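Please open the structure in your viewer and keep the sequence panel beside it, since this tour moves from one selection to the next. At each stop there is something to select, followed by an account of what is there.

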Amino acid sequence: MPAAASTGARDIPPGVRQRARRLAWAYLIVAAGLIVWTVFLALSLPKENLEHHYRLTWTGFDLILVLAIYLTAHMAFRLDARVVFPATVVATLLVADAWFDVTTSTTAAAATQALILALAVELPTAAFSLYVAHRVGRRVRELAHPRPVTDPHPPVPDRAQAHPVPPAEPSAPVELPPEQ
């Protein structure tokens, strides 16, 4: 079971806490599914393709991705604001995975399959992880720099401030009639 919430998490509204838990479960389920996928790759990929350690390269990359996804889930369960870091790493790794899957495909069918997987799964998931990182980062900034609360009853300015009297203009000299 995930660790307890971090110290400042007690002040977090229940709705935010609930969304964070759903997010954490989603990342945890993806990490578990990716472990199964990585085992499948480890058993099915050729040991060597054009480069040595081909199988080790891809399974190692996927295990790093599993670790990043797990850390994202773990920090989301803890309501830890540092979740932005592993979420950003997840997005970066997914974009790299999509790129290398497409560009290292040896047949047109494999390239098409990799492109469909990239467009349908990897890139949208990467975009979602960046969205999560952005939202959490924005919330942290809002909490760190709260805006001043506006007073619903501002003080009434004194009369001189409310209606300043403009300075009097110099008057023109008054001509008096000549004395007789």
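Begin by selecting glutamate 122, which has its place in helix α4; the model you are looking at is a predicted one. Is this glutamate 122 buried or exposed? Glutamate 122 is buried, since its relative accessible area is 6%, and the cut-off for that word is under 20%. If you now show what surrounds glutamate 122, leaving aside the neighbours within four places in sequence, you will find it in contact with Leu94, Asp97, Ala98, Asp101 and Leu117.

**The helices around it**

Next, zoom out and colour the protein chain by secondary structure, which comes to 5 helices and 0 strands, so that from the N terminus on the elements read α-α-α-α-α. Of the 180 residues in the protein chain, 24% count as buried. If you draw the contacts between residues at least 6 apart in sequence, 67% of them join residues that are at least 24 apart.

Now select α3 and α4 together. Two packed helices are described by the angle between their axes and the distance between the axes. Here the axes of α3 and α4 come within 8 Å and cross at roughly 165 degrees, which makes α3 roughly antiparallel to α4, as angles over 145 degrees are counted in that way. The crossing of this pair, α3 and α4, is left-handed.

Keep α3 on display, hide α4, and bring in α2 instead. The axes of α2 and α3 are 9 Å apart, and the two helices pack at an angle of about 155 degrees, so that α2 is roughly antiparallel to α3. The crossing in which α2 passes α3 is left-handed. To see the contact itself, show side chains on both helices: among those taking part from α2 are Trp58, Phe61, Leu65, Ile69 and Met75, while α3 contributes residues including Pro86, Val90, Leu94, Asp97 and Phe100.

**The nonpolar core**

With those side chains still visible, turn to the largest nonpolar core, which has 23 residues. Which residues have the most contacts inside this core? They are Tyr27, Leu65, Ile69 and Val90, and selecting these four gives you a convenient place to start. The elements that give two or more residues to the core are α1 (14-44), α2 (54-77), α3 (84-103) and α4 (108-144), and the largest share, 11 residues, comes from α2.

Centre the view on isoleucine 69 for a closer look. Once its neighbours within four places in sequence are left aside, isoleucine 69 is in contact with Tyr27, Val30, Ala31, Leu34 and Val90. Two of these partners, Tyr27 and Val90, are also named with isoleucine 69 among the residues with the most contacts in the core.

**The salt bridges**

How many salt bridges are there to find? The count comes to 3, and they can be visited in turn.

For one of them, select arginine 82 and aspartate 80, whose closest N and O atoms are 2.6 Å apart. The two partners sit in unlike surroundings, because arginine 82 is partly exposed at 47% relative accessibility, whereas aspartate 80 is buried, with a relative accessible area of 11%.

Then go back to helix α4 and select arginine 138 and glutamate 142, which lie 4 residues apart in that helix, about one turn. Their salt bridge has its closest N and O atoms 3.9 Å apart. Arginine 138 is partly exposed, with a relative accessible area of 36%, and glutamate 142 is partly exposed as well, at 42%.

Add arginine 139 to the selection, and a further salt bridge comes into view, in which the side chains of glutamate 142 and arginine 139 meet at 3.7 Å from N to O. These two residues are separated by about one helical turn, because they are 3 residues apart in helix α4. Through the partners that these salt bridges share, Arg138, Arg139 and Glu142 are joined into one network.

Stay on arginine 139 for the last stop, where its relative accessibility of 38% counts as partly exposed. Select alanine 81 with it and draw a distance between the C-alpha atoms: the two residues are 58 residues apart along the chain, yet these atoms are separated by 8.9 Å.

Conventions. Residues numbered from 1 in each chain as written. Predicted model: local features only at pLDDT ≥ 70, side-chain atom pairs only at ≥ 80, totals over all residues. Heavy atoms only, no water. Core = buried A, V, L, I, M, F, W, Y, C linked by side-chain atoms within 4.5 Å. Buried < 20%, exposed > 50% of the residue type's maximum accessible area, 1.4 Å probe, protein only. Contact = heavy atoms within 4.5 Å. Salt bridge = Lys/Arg side-chain N within 4 Å of Asp/Glu carboxyl O. Axes fitted to C-alpha atoms, helices over the stretch in contact; angles between N-to-C directions. Parallel < 35°, antiparallel > 145°, perpendicular 65-115°, else oblique. Left-handed = near helix turned anticlockwise from the far one by under 90°.
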